[in-house]
Amino acid sequence: MENVILSMMVTLHLGFEQKYNDFHPHIRYEASQYIAGAYYNSENAVSLYIAKSIKFSPFSVEIGVVTGYTPDPLLPSLRFIYDINDTASVFVLPGYEYGNGFGVVLGTEYKF
């Protein structure tokens, strides 16, 4: 079970017009450089994802695809991460709001 990680992500959505959920319970499975998981997303729905994690300790980049956002059933995902320690990290990811354009999501993740 060491490959299964439970965490809580807290986010701030910058450059978006709508109000989004900022608390995201998260479960993920890691196998080598590949990850898959589920989380409660910013639109108050469950998102599933699969990605490749490229590590440059303490930095990493996750490149993959994610479900659960309207109106597209599958979207590309890109997340830049800085590990503070074994249980905490901060991250940045680009986002897109239909009708408004691009924004940025800043977040922290706390692993249990």
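These legends walk through several close-up views of a predicted model.

**View 1. The whole chain is an all-strand protein with 0 helices and 8 strands.** Starting at the N terminus, the elements read β-β-β-β-β-β-β-β. The radius of gyration comes to 13 Å, close to the 13 Å that the globule rule gives for 112 residues, so the protein is as compact as a globular protein of that length. Its C-alpha trace spans about 40 × 25 × 20 Å along the principal axes. Of the 112 residues, 36% count as buried. The exposed surface adds up to about 6900 Å², with carbon and sulfur atoms supplying 66% of it. Among contacts with a separation of 6 or more, 31% come from residues 24 or more positions apart.

**View 2. Here the 8 strands close into a barrel, in the order S1-S2-S3-S4-S5-S6-S7-S8, with antiparallel pairing.** From one strand to the next, the twist averages 30°. Strands of a sheet pair through backbone hydrogen bonds, either parallel or antiparallel. Which strand pairs with S1 over 8 bridges? That's S8 (residues 101–111), which meets S1 (residues 4–14) in the antiparallel sense. To find this seam in the model, look for Ser7, whose bridge partner in S8 is Lys111. S1 also runs antiparallel to S2, joined to it by 7 bridges. A handy landmark there is Val10, which stands opposite Phe23 in S2.

**View 3. Zoom in on the hairpin of S2 and S3, which has 2 residues between its strands.** S2 covers residues 23–31 and S3 covers 34–40, with Ser32 in the loop between them. The two strands pair in the antiparallel sense over 6 bridges, and His26 has Tyr39 as its bridge partner in S3. Ser32 in the turn has a positive phi of about 60°. Most residues other than glycine have a negative phi, and most peptide bonds are trans. Is Ser32 buried or exposed? With a relative accessible area of 74%, Ser32 is exposed, since the cut-off for that class is over 50%.

**View 4. Next along the chain, S3 and S4 form a hairpin with 5 residues between them.** These strands run antiparallel and are joined by 7 bridges; one of the pairs is Tyr40 with its bridge partner Val46 in S4. Asn44 sits in the loop between S3 and S4, and its phi is near 60°, a positive value in a residue other than glycine. Asn44 is partly exposed, at a relative accessible area of 47%.

**View 5. A hairpin through 2 residues joins S4 to S5, and a cis peptide bond joins Ser57 and Pro58.** Omega for that bond is about 5°. Pro58 belongs to the loop between S4 (46–56) and S5. The flanking strands pair in the antiparallel sense over 8 bridges, with Ile50 standing opposite Val65 in S5. Just into S5 (residues 59–66) comes Ser60. Why does Ser60 count as buried? Its relative accessible area is 6%, and buried means under 20%. Leaving aside neighbours within four places in sequence, Ser60 is in contact with Ser53, Ile54, Lys55, Arg79, Phe80 and Ile81.

**View 6. The loop after S5 has a cis bond too, from Thr70 to Pro71.** Omega here is near 0°. You'll find Pro71 in the loop between S5 and strand S6 (75–83).

**View 7. This view gathers the largest nonpolar core, 9 residues in all.** Its members are Met9, Ile35, Tyr39, Tyr49, Ala51, Val66, Tyr69, Ile81 and Phe91. S3 and S4 each supply at least two residues of this core. In soluble globular proteins, nonpolar side chains tend to be buried together. Met9 makes a good starting point: not counting residues up to four places away in sequence, Met9 touches Asp22, Phe23, His24, His26, Tyr39, Arg79, Phe91, Thr108 and Glu109. Tyr39 and Phe91 on that contact list are core members as well. Tyr39 ties this view back to View 3, being the bridge partner of His26. Ile81, also in the core, links to View 5 through its contact with Ser60.

Note on methods:
Residues numbered from 1 in each chain as written. Predicted model: local features only at pLDDT ≥ 70, side-chain atom pairs only at ≥ 80, totals over all residues. Heavy atoms only, no water. Helix = DSSP H or I, 4+ residues; strand = E, 2+ residues; numbered from the N terminus. Buried < 20%, exposed > 50% of the residue type's maximum accessible area, 1.4 Å probe, protein only. Contact = heavy atoms within 4.5 Å. Pairing = 2+ DSSP bridges. Axes fitted to C-alpha atoms, helices over the stretch in contact; angles between N-to-C directions. Core = buried A, V, L, I, M, F, W, Y, C linked by side-chain atoms within 4.5 Å. Rg over C-alpha atoms; globule rule 2.2 N^0.38 Å. Areas by Shrake-Rupley, 256 points an atom, 1.4 Å probe, with all protein chains shown as cover.
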